[in-house]
Amino acid sequence: MNKKYKLKNGLTVLLSESHKSPVVTIQMWVRTGSADEPEKVRGISHFIEHLVFKGTQKYKVGEIAKTIEASGGEINAYTSFDQTVFYVTLSKQYLSTGLDIIAEMMGNPTFDPEEVNREREVVLEEIKRGLDSSHRQAHQLLFSSIFKSHPYGKPVIGYEEIIRNVGVETIRNYFHKKYNAQNMTLFIVGDIEVAEIKPLIATKFSTFKKGPKNNKKRIKEQLLQRQKVVIKESPFKENFLFLSWPTPKVSHRDIVALDVLNIILGQGESSRLNQKLHLEKALVHQIGSSLFAAQDPGFISIAMTLSNQDFSVALKEIELELDRFIKQPPDEEELSKALTNLQSEQFYSLETVEGQTRVFGHFEFLFGDYQYFEKYLKQVNKIKQSDLLSVFKKYFKKDRMIVCALMGESCNPSSIKDIRSWAYHFKPNYSQSAKIRKSLFVAKNKKSKQKGFSKPSEVKSSDENMTHRFLLKNGATLLLRPNYDTPVVNLKLALLGGSRLENKPSLGISELLSRTWVSATQFHKENEIMDGLDRIASSLSSFSGKNSLGLSLTTLNPYLKPILDIFSEVLLHNIFQKDIVEREKVQMLEQIQLRDDNPVQKAILNFNAKIFGDHPYGRDPLGSKETLTQISPTHLEKYHHQIRTSQNLVLSITGHFNLEETKNYLEELLQKLPHGEKLLKTIPPEVIKQKLEHFSFTQKEQTHIVIGYRGLTLSSPDKYTLYVLESLLSGQGGRLFLELRDKASLAYSVAPLRLEGLETGYFGAYIGCSPDKGKKAIAMLKEQFEKLKNERVSSHEIERSKKYLIGRHDIDLQKNSSINSLILFDEIYGLDEIETHKFAHRIQAVSSDNIQSLAQKIFSQPEIISAVGPTTPF
């Protein structure tokens with residue numbers, strides 16, 4: 001049941017009942033964003049997003065997050081160009097608490113001057129973090145190149161000088177002007193009863209001031225009269241290239257056709273651009289297209305990352321693909337595939353209350369109708385080939401093209417010259433179109449509807465939400481857990497192996513296998529497999545970790561049979577083609593070279609190397625140049641044959657499927673595997689005898705620090721105590737956030753880190769801060785660890801941490817994939833088969849004495865510190 005109405009003060013309320021999980025999300029969408037800000041206060045909306053957490057008339061600093069986390073919930077917010085969103089997700093029994101928090105944040109923030117100044121430093125750290133991110137800088141360059149006048153070209157986070165100087169009164173006045181009832185929409189989705197909740201909403205929100213509607217007129221972007229080329233050199237190693245064309249705002253009649261065009265051109269593994277430039281010719285590391293359709297005019301863009309030597313060839317190939325769109329326009333099958341993927345989005349979103357609310361909010365804010373998705377699909381159904389060709393010719397013009405590139409530090413001058421030369425000589429020939437087929441793909445759509453696209457089944461069965469375990473004759477383990485709340489199905493197959501099985505000459509082979517497993521088979525080429533998956537809006541991928549590797553698929557119930565057929569073929573008949581293996585090796589080598597662009601990742605890798613030494617957990621999962629160059633398809637086949645055996649395997653499936661039919665299919669499939677053996681050998685770690693430090697220089701705005709100690713194993717009886725200990729430090733109500741971020745303003749990002757392995761693990765923390773704050777950050781982290789060693793934790797704080805853990809656990813288990821991962825890995829690592837379902841009981845049993853005892857055990861060991869930045873914090 002859905003209900004939309006308005007309070008007398010103009011605040012819009014949307015309620016939606018979803019009883020699949022005892023969880024509720026409360027989201028306040030405010031119709032104001034960074035694009036509504038005057039030039040002098042750029043970034044103020046994002047700053048306000050931070051500040052409303054810093055105290056209200058009812059809740060003091062830190063109490064908002066603590067209250068929500070003590071209710072087993074999570075709270076956060078985000079700012080975009082057109083709106084700002086504040087949200088809480090928690091158990092339905094704490095609905096009143098969640099409403100009270102959102103009402104206070106939106107109605108009564110105090111903006112205490114001292115707290116404003118503290119949070120000012122945090123936002124400045126967030127700005128510095130963005131400056132260190134190649135991806136953020138590339139996309140900011142893209143938007144600023146397209147929007148020279150319109151505020152979409154300005155960073156949402158603002159500028160350091162403005163944030164450093166904006167005053168408290170300016171902030172208060174801006175908040176009261178923009179954040180009022182007429183600009184707010186309250187979404188409550190989940191396990192609620194509409195009739196019961198309406199009086200509570202009236203009590204909490206009817207006192208909000210009506211205020212003026214946000215009708216700020218934005219500067220219009222001038223129509224581009226000629227091609228624009230913007231090239232910027234950067235200190236990063238990766239190259240980014242964008243080809244973009246302006247498009248109208250989201251309500252324009254051409255947007256639906258552009259949406260379909262975008263999917264066919266560059267969305268998904270089987271899209272035209274990915275098939276040709278990435279899979280077939282390996283000219284780019286990544287490529288895709290996107291449509292930025294918003295409240296004001298946007299753009300469609302082709303984005304890619306690539307090596308220096310490939311610019312000229314890649315650009316020529318893109319030009320050929322653009323020409324091919326006209327000469328070989330999308331046929332019925334491509335159109336049908338696009339529709340299937342658009343339809344499926346609605347059903348995948350049903351898995352979580354957050355997902356449902358995002359869909360409602362998107363359509364309510366852009367079209368004034370939260371149910372607009374159905375109307376949108378009807379428009380998609382009417383799209384013809386002629387519509388796609390029409391919008392393609394209308395928008396993909398040379399004189400309206402913006403070429404934008406962020407070049408890495410080692411870029412060749414010839415690459416920049418290639419870009420400019422290509423743009424200058426780019427002459428699209430859109431006049432010679434192929435004959436357009438008269439048939440539409442409405443008929444295809446009817447078929448897909450007959451195939452089962454409907455509201456989630458109301459089927460209930462005694463087998464639902466129970467894990468059925470079968471040990472097959474050949475040693476394989478099969479786990480099935482039906483759940484009929486949504487049409488979503490997730491299947492995972494895990495094999496013991498991963499980096500722990502690699503010897504030094506073959507380092508990186510597990511990762512390489514995971515990148516090449518779902519490619520070619522004896523019966524189908526890579527592009528055929530990718531196309532088959534996209535046709536049924538499903539995913540099939542492989543994964544690799546420290547202890548295991550395997551396959552994972554996600555689909556909708558109507559498509560379970562076809563994707564199981566693809567899965568079976570990939571499992572039993574895959575081949576490692578030389579050209580595909582070489583393509584992925586090149587990309588892995590490029591990733592190794594790009595490590596400096598990700599200092600957080602580099603700090604963690606260096607930390608792993610120090611704390612685990614020669615143990616496999618200390619190795620780079622990508623291997624090295626020396627090892628990768630030696631790995632051949634024959635090596636992959638031999639390794640794959642070694643691990644892909646029935647004794648070494650667990651397969652688990654959760655979601656909407658017929659238990660008996662699926663069991664019979666999978667049992668027959670697994671019986672075809674060779675018997676083999678279980679590859680679970682013990683690899684003892686070396687003893688750490690002294691403190692170890694590692695510093696790696698990189699010219700960045702921040703220093704990234706990891707400090708930690710040897711931790712626990714997966715089977716340790718103390719791991720639930722460690723979960724509670726971690727919870728004491730984590731979250732916005734945890735000690736690290738409150739002490740190092742809220743009070744000391746040291747960082748934007750600070751959090752505990754934890755890893756449990758088969759023989760050992762680690763526990764510690766990460767922080768990213770300005771270089772001059774590094775030493776203080778390390779000292780304060782160690783101070784928090786010492787407190788846990790030397791002081792008993794209060795019962796009140798433990799209770800908050802336990803509720804936070806249990807609540808987050810329940811929220812995470814809304815998705816079939818999350819449930820599946822837990823039961824699968826518990827099984828393959830030999831843990832209690834019902835461990836997942838005892839989680840709350842195990843957490844509740846943890847005492848203050850348990851926590852202090854474990855803290856003394858862990859934090860009395862030699863510490864390991866890894867830092868990456870411009871100056872050492874040691």
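These are my notebook entries on a predicted model.

**Entry: the E12–E13 hairpin**

I started with two strands. E12 covers residues 468–471 and E13 covers residues 477–482. They pair in the antiparallel sense, over four bridges. I looked for the partner of His-468 and found Leu-480 of E13 opposite. The two strands form a hairpin, with five residues between them. In the turn I noted Gly-475, whose phi is positive at about 100°.

Next I looked up Thr-477, which belongs to strand E13. Is Thr-477 buried or exposed? Thr-477 has 7% relative accessibility, so I put it down as buried. I then listed its contacts, leaving out residues up to four places away in sequence. Thr-477 touches Arg-469, Phe-470 and Leu-471. It also touches Leu-649, Val-650, Leu-651 and Glu-827.

Before E12 I stopped at Glu-464. This residue is in the loop between helix H17 (442–450) and E12. Glu-464 has a relative accessible area of 11% and is buried. I also checked Glu-464 against Leu-306. They are 158 residues apart in sequence, and their C-alpha atoms are 47 Å apart in space.

**Entry: aromatic pairs**

How many aromatic pairs are there? I have the count at 40. I took Phe-147 and Phe-292 to look at. Their ring centres are 6.4 Å apart and their planes stand at 70°, so I recorded the pair as edge-to-face. Phe-147 lies in the loop between helix H5 (134–146) and helix H6 (160–165), while Phe-292 is in strand E9 (residues 286–292). The pair therefore ties together parts that are 145 residues apart in sequence. Both Phe-147 and Phe-292 are buried.

For another geometry I turned to Phe-367 and Tyr-372. This aromatic pair is stacked, with 4.0 Å centre to centre and 5° between the planes. Phe-367 is partly exposed at 26% relative accessibility. Tyr-372, at 16%, is buried; the cut-off for buried is under 20%.

I went back to Phe-147 and Phe-292 to follow the ring pairs onward. Both belong to a cluster linked by ring pairs, together with Phe-81, Phe-143, Tyr-152 and Phe-299.

**Entry: charges over rings**

I noted two cases. Arg-31 lies over the face of Phe-365, at 4.0 Å from the ring centre. Lys-198 has its charged end over the ring of Tyr-5, 4.6 Å from the centre.

**Entry: His-150**

His-150 is also in the loop between H5 and H6. Its relative accessible area is 4%, so I count His-150 as buried. What does the side chain of His-150 make a polar contact with? I found the side chain of Asp-296, at 2.8 Å. I set aside neighbours within four places in sequence. The contacts of His-150 are then Arg-218, Ile-219, Glu-221 and Asp-296.

**Entry: helix H4**

I checked the length of H4, residues 113–131. At 1.5 Å a residue its 19 residues should span 27 Å, and the end C-alpha atoms are 27 Å apart, so the two agree. Asp-112 caps the N-terminal end of H4. One of its side-chain oxygens lies 3.2 Å from the backbone nitrogen of Glu-114. I also looked at burial along H4. The buried residues include Val-116, Val-122, Val-123, Leu-124 and Ile-127. Charged residues are on that list too, among them Glu-115, Glu-119, Arg-120, Glu-125 and Glu-126.

**Entry: helix H19 and the loop before it**

Phe-523 sits in the loop between helix H18 (509–516) and helix H19 (526–535). Phe-523 has a relative accessible area of 52%, so I marked it exposed. Not counting residues up to four places away in sequence, Phe-523 touches Glu-528, Glu-569 and His-573. From Phe-523 to Ile-318 I have 205 residues in sequence and 29 Å in space, C-alpha to C-alpha.

How many of the ten residues of H19 are buried? I have seven, so H19 is largely enclosed by the rest of the structure. The buried residues are Glu-526, Ile-529, Met-530, Asp-531, Gly-532, Leu-533 and Asp-534. I then asked what covers the buried residues of H19. The cover includes helix H10 (272–280), helix H12 (332–349) and strand E15 (539–544). Helix H20 (560–573) and helix H21 (578–593) are also part of it. After H19 comes Ala-537, with a positive phi near 50°.

Definitions and conventions. Residues are numbered from 1 along each chain as its sequence is written. This is a predicted model: local features need pLDDT of at least 70, side-chain atom pairs count only at pLDDT 80 or more; totals for chains, interfaces and linings use all residues. Side-chain values use heavy atoms; hydrogens and water are left out. Two strands pair if DSSP finds at least two bridges between them. Rings of Phe, Tyr and Trp (its six-membered ring) pair if their centres lie within 6.5 Å; planes under 30 degrees apart count as stacked, over 60 as edge-to-face and the rest as tilted. Buried means under 20% relative accessible area, exposed over 50%, partly exposed in between (1.4 Å probe, protein chains only). A charge sits over a ring if NZ of Lys or CZ of Arg is within 6 Å of the ring centre and within 35 degrees of the ring normal. The expected span of a helix is 1.5 Å times one less than its number of residues. A polar contact is a pair of N or O atoms within 3.5 Å; within protein, one must be able to donate a hydrogen and the other to accept it, and residues adjacent in sequence count only if both atoms are side-chain atoms. Contact means heavy atoms within 4.5 Å.
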